[in-house]
Amino acid sequence: MNIITVFQRFPDHEACIEHLEKVRWGNSPACPSCGSERVGRKADGFRVGRWNCHKCHASFNVLAGTIFQKTKIDLQKWFLAISIILNAKKSVSSHQLSRDIDVSQPTAWYMGLRIRRAMTTHGDLLSGIVEADEAYIGGKPRKPNQRGGGDSEAAKRGRGTDKMAVIGAVERGGRVVAQPMDALDSASITAFLTGRVDRASLLMTDEYPGYRGIAKRMRHATIEHATRYVDGMVHTNTIEGFWALLKRAWYGSHHHYTRKHAGAYVAEACYKYSTRRLPDTFGAFIRQAVAV
């Protein structure tokens, strides 16, 4: 859903509240504190969407427990921010988001972080043919003239640098999962893959020794990048394509984010990749955001 459609469908805060109530509760509103359906609308002319629970006597609204809880920002701006982030293939910076929805940069950063954290998913295990690989995020792109000479320190990349390590796995034609890692040793890689990939899958990786431990737990095929990048059906080109999108977001939009919040930005890239074929990613996100 683009921003024009958001403006048309949700012209004000009240329309957003009505939509969230329909998505979260349908025709059966319930108290988020005790779960009782013995509730009634509160007669508050200046506070839209307030409810009273006749069992525990709590006062609540549909935003309770969601990323919108206790927000003082108009919900239309939240909906616009969600649409902008979902439609930005290479993500969007907080400065750009602040200009687009007319809020301060710290407010835009806060909203973006909440939205990205809500994109974290824990669905079914990946299955079928699954590719796994690791990437290193940060620093400046290597200059083309550094290959084979010049300043070797400037040309250095990947392992052995202070860049942030990220590990990921992707179904061919399906979903992707990834997360930042403090270390990429065999134990850490094995724990990540066994927790996210079905053991009946065929796992494909490069020749990095850290993947040797996973061969004892599931079928494992290796492509030796020292000699070739594709050997029939054995390759890691799918996950390499995902890394390209993640790195473009770093270089083109964000330029920097701390390790503390890196997981949220990786989750954003994973969510958009995994839902790329859905006809209504905005609706899917709203359903996930209020599913508490």
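Hi everyone, let's start with helix α7, residues 186-194, where I189, T190, F192 and L193 are buried, meaning under 20% relative accessible area with a 1.4 Å probe on protein chains only. They sit on the same side of α7, because they cover an arc of only 165° around the axis, taking the directions from the helix axis to the C-beta atoms. As a reminder, an α-helix has 3.6 residues a turn, so residues three or four places apart point the same way. Helices here are DSSP runs of H or I with at least four residues, and strands are E runs of at least two, numbered from the N terminus. The cover over those buried residues includes β4 (129-137), β5 (164-171), β6 (176-181) and β7 (202-205).

A quick word on the source: this is a predicted model, where local features need pLDDT of at least 70 and side-chain atom pairs count only at pLDDT 80 or more, while totals for chains, interfaces and linings use all residues. Residues are numbered from 1 along each chain as its sequence is written, and side-chain values use heavy atoms, leaving out hydrogens and water.

Now please look at S59, in strand β3, residues 59-60. Is S59 buried or partly exposed? S59 is partly exposed, at a relative accessible area of 32%, which falls between the 20% and 50% limits. Leaving aside residues up to four places away in sequence, S59 touches K42, R50, W51 and N52, with contact meaning heavy atoms within 4.5 Å. The C-alpha atoms of S59 and C31 are 8.5 Å apart, although 28 residues separate them along the chain.
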